[in-house]
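The following exercises concern selected local features of one structure. Please work through each task before reading its solution.

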Amino acid sequence: MKNRLDRRQFGKGLIGGAALALTGREASATQKSEVNHPQNTRWQPVVQGVWCATAGEPEAITPVRSRLVSPCTDALRRLPHISIPAIDPPVFRLGPRGTQLSLPLDSHEEIYGFGLQFFSMNHRGKKRAIRVNADPRSDTGDSHAPVPFYVSSRGYGLLVDTARYATFYCGEALPRPSVSSEEETGDVPLYTKTLQDGEASRIVVEIPAARGADVYLFAGPSMLDAVRRYNLFSGGGVMPPEWGLGCWYRAVSNATDHDIIRLATEFRNRNIPCDVMGLEAGWQSHSYSCSFSWNSSHFPQPESFVHELRFRNFHVNLWEHAFVHPSSPLFEPVHEFSGDTAVWGGLVPDFQSDEARREFGEYHGKNLLDIGVSGFKLDECDNSDYTGGWSFAELSQFPSGVDGEQMHSLFGLRYQRTIWEQFLKRNIETYCLARSSGALASPYPFVLYSDLYDHRQFVRALVNSGFSGLLWCPEVRDAQSEEDLIRRLQTVVFSPVAMINAWYIPNPPWKQLDRKKNNANQSSPDFEKLEARCREILGWRMMLIPYLRAAFARYAADGTPPFRALALDWPGIPELARVDDAWMMGDRLLIAPLIAGEPDGRTLILPPGEWYDFWTGEPHTGGVSLTFAASTRNIPVFVKSGAVLPLARVTGSTADPACRSLEVRIFGDGRLPFQLQASKGSVEIIWNELRKAGSIRVSGDERYTVSSWIRPDQSPLSV
Ligand code: GAL
């Protein structure tokens, strides 16, 4: 069979200068120089289901070699035993530009992963630059959290352990042709290249500067198993505190203590659920770069202010970035442990060094955690190739010996660790935000966010993040229209963090969508209608917290990503292999958001099996394509048949014990019990279809009770 390629694809196979799968003739030509001779490597077992091949002399500073969290070896051993996948080890060549690795790529093999990706989900045939960047502009691989890890539709995962800006040519860089062919005659269409069906290719990886690298292979047999093994190798999935899964609100940057308390009061009075109140840049006496000290005119008594919020059951999350202003009390202690270039006139702490992490971390511990701060938003720890060049240069040098390029790849996660360490020391749970991350991130209690704001890209990022151990928040800021606000909010409540980030508007967006008027405190006359709609949507989030906790508990136990692409749960189904606008949340809910301004609505190919509409209880059989008009009121959500689904009573915050009262919905025959295994207790809810009766068993701190058992088709959630 011959495949036709379009005009853009034409010529792609002709650019493969960097290919490593050398033909015999080329290989012998390179043998003259030892350094260029391609070498075969060998897979060596690391832990059950994981192998490593070492090429050349790997660098000392890499994500795995300088990791700060150990792998979950016990959990890895508990996964089904598996022999090594039939994947050839990398072929290595050291060239003048650094390390080159060649990895197998079968015909029709799909490649997913590479961390947080906004622009595409399937990477076969593409060049991916693993380069940390804020606000990438196009489909290059750059992002806040690129990861040199991919998972293949053949059911294995591969991590190239490097902190360099590696480039992955996913089937692009083919060796030059070695034999001539007959002249083509007849009508050969212009812009057409012929690929033989079954023609395999290679994934070629270039790692600048390095003289070698470790490559880790994660066995399947399914893609989901490979992702699980990668997450467990990273240290397991994070289990957030219950409050972290509630609703978050970030107030306008220049808010004072009074403004925040007023907002908090308004939320409670108007029954807007909120567990986390975020303070943006203005809480500090100097923000760009940071003083990490309170702005005393806006927050004269920080400790009592934080206590006041905690008393009202709001957890406080503080914005910051890592760059230390000369006026900061941290300036002197960090100076000696910082890089040789500045960002916004501030020091760049060398988070690779224990000393910098200790000084920076302990300051936060003593001055902020100890007065009751529950979490942080670690901003601008990425890089700025597309946003004006504000970050530190790649040529920077740090006392630990790391250069600016390596530091960019490691900075987000090392910064996260610096802060997280303080919570661990105090045995306090946290759930935070960060704008950059990298390889081995799954155990870190941090969720990614961005200044980008395309709703469709945000959805794709959510779907993609699950391939590489990342969590992503498609945050809601302001909106173009009521529809836009509602659609974005409907998405974010089915994501790792249900957050409104109102950092540039003093009033919640539902009060006034027009940014200027919002800043002039002019509420729209009929805002209460929109507010009621938003309240209802935030309420869905509160209802889903027990279910979300169960999904995260599984992430911690066996590495199953709580938010993931349909391709992971239903591999080998061509119609689902490229779905980047729907995801699984936990083991039994499928979410398919609508995007404002798309008049045709959307379609969804329901995966195999029996399903129910979450809202109406209407049954559907999988395999069909469903259409949703743009006017569909609620976000399309489907529940697997058999699901026992607990929904919590909606409360203002998770601190209200009333949220432990559950309405349990039984979809189909209820054969899939609900199970939540948390560290301090467990919940099991079972439905007996014969007796038409359910039961709940709780232990430890999990004090849930069931208020009602409901058949959704008899009592729809909403219409
Ligand atoms: C940006 C960040 C925004 C907001 C803003 C405050 O870098 O992405 O969410 O925090 O800074 O200055």
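**Exercise 1: Two helices**

The axes of helix α10 (residues 482–492) and helix α12 (residues 527–558) come within 9 Å and cross at roughly 10°. Determine how α10 is oriented relative to α12.

Solution. Axes are lines fitted to C-alpha atoms, for helices over the stretch in contact, and angles run from 0 to 180 degrees between N-to-C directions. Angles under 35 degrees count as roughly parallel, so α10 is roughly parallel to α12. Among the residues of α10 that meet α12 (contact: heavy atoms within 4.5 Å) are Leu485, Ile486 and Leu489; α12 contributes residues including Leu530, Ile537 and Trp540.

The model is predicted: local features need pLDDT of at least 70, side-chain atom pairs count only at pLDDT 80 or more, and totals for chains, interfaces and linings use all residues. Residues are numbered from 1 along each chain as its sequence is written, and side-chain values use heavy atoms, with hydrogens and water left out.

**Exercise 2: One face of a helix**

Identify the buried residues of α5 (residues 302–311) and state how they are arranged.

Solution. Pro302, Phe305, Val306 and Leu309 are buried, meaning under 20% relative accessible area (1.4 Å probe, protein chains only). Viewed down the axis of α5, these residues fall within an arc of 95°, so they line one face of the helix. Their cover includes α4 (257–269), β16 (276–279) and β17 (315–320).

**Exercise 3: A loop residue**

Is Asn122 buried or exposed?

Solution. Asn122 lies in the loop between β7 (111–115) and β8 (127–129). Its relative accessibility is 7%, so Asn122 counts as buried.

Methods. Buried means under 20% relative accessible area, exposed over 50%, partly exposed in between (1.4 Å probe, protein chains only). Helices (H or I, at least four residues) and strands (E, at least two) are DSSP runs, numbered from the N terminus. The arc is that of the directions from the helix axis to the C-beta atoms. Angles under 35 degrees count as roughly parallel, over 145 as roughly antiparallel, 65 to 115 as roughly perpendicular and the rest as oblique.
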